[in-house]
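Please look through the model below before reading the comments. They are meant for someone who has not seen it before.

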Amino acid sequence: MFTEQRYQKIIDLVNQQKTVTVPELVDKLGISESTVRRDLVALDKLGKLIRVHGGATSLELQYEAFDKDIPKRSVLNLEEKHIIGKYAASLILPGDFVYLDAGTTVGIMTNYITQKNALYVTNSVLQAKALSKNNITATVLGGTFKAITEAMIGSETIEYLQKYHFTKGFFGTNSISKKAHFSTPEINEASVKRAALLQCETSYVLADSSKFDKVSAVTFGHLQNSVIITTAMTTQKEYPNMIQIQKGVSL
């Protein structure tokens, strides 16, 4: 296969699927891994795609490589986050054992939580403080403090999580895509999210419309295993496992 033909096939696959992995391209094109990697580098330089760790994304699919700090993220899409957070808080019932992730939308959600006949665990100091304002006690997991997201992370945090079995968990995400599922830029925070998801009977991912069709560096969960709570109204066919809300009304 000529180089130009390979390039075009790779571009077509990336544009069709939005994201592709190196093993996929090896399998579909019948070429070596080293050739695929060289081609991706070349096509990235030509501006035909975006090369990422382990594969490539289309130019239409935004890629996030770094976390924004809490003050920057907390003011983005604020109206949507309040709508999502208020609805999510209403899902907590008496007797629930709840995990609250360190995401900013989950942080907004905690301000709406009024259910005192439930137990709460979080890896976020901010979430615990917000609950305390409503006279609700939360257990904060131990671990290493990550200043940029004000979250507890690391192996110790994961060890604590593995002791618990939550009825419901509420999570933030940096990115959602059909290919990379739920992803976040930083591997240690992704590991904690992944461990917490495994301990939840039902997990909800809180996502405003800006989170869709994006890829971050590390996948922490799969679309089929969690329910998305969102204000996005145009993604039902692509992401069927979701609750869509608009101005507090469940659709």
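The numbered points below cover basis, two helices in contact, one further helix and one strand residue.

1. This is a predicted model, in which local features need pLDDT of at least 70, side-chain atom pairs count only at pLDDT 80 or more, and totals for chains, interfaces and linings use all residues. Residues are numbered from 1 along each chain as its sequence is written, and side-chain values use heavy atoms, with hydrogens and water left out.

2. Helix H1 (residues 3–17) and helix H3 (residues 33–45) have axes that come within 11 Å and cross at roughly 80°. H1 is therefore roughly perpendicular to H3 (the term covers 65 to 115 degrees). Arg6, Tyr7, Ile10 and Ile11 of H1 meet Thr35, Asp39, Leu40, Ala42 and Leu43 of H3, contact being heavy atoms within 4.5 Å. Six of the contact residues are nonpolar, one is polar and two are charged.

3. Helix H9 (residues 187–198) has 12 residues, which at 1.5 Å a residue should span 16 Å; the end C-alpha atoms are 17 Å apart, which agrees. The expected span is 1.5 Å times one less than the number of residues. Buried residues in H9 are Glu189, Ala190, Val192, Lys193, Ala195, Ala196 and Leu197 (buried means under 20% relative accessible area, with a 1.4 Å probe and protein chains only).

4. Thr184 belongs to strand S12 (residues 181–184). Its relative accessibility is 1%, so Thr184 counts as buried. Asn174 is 10 residues away along the chain, and the C-alpha atoms of the two are separated by 5.1 Å. The side chains of Thr184 and Asn174 make a polar contact at 2.6 Å (a pair of N or O atoms within 3.5 Å, one able to donate a hydrogen and the other to accept it).

Technical notes
Helix = DSSP H or I, 4+ residues; strand = E, 2+ residues; numbered from the N terminus. Buried < 20%, exposed > 50% of the residue type's maximum accessible area, 1.4 Å probe, protein only. Axes fitted to C-alpha atoms, helices over the stretch in contact; angles between N-to-C directions. Parallel < 35°, antiparallel > 145°, perpendicular 65-115°, else oblique. Nonpolar A, V, L, I, M, F, W, Y, C, P; charged D, E, K, R; others polar.
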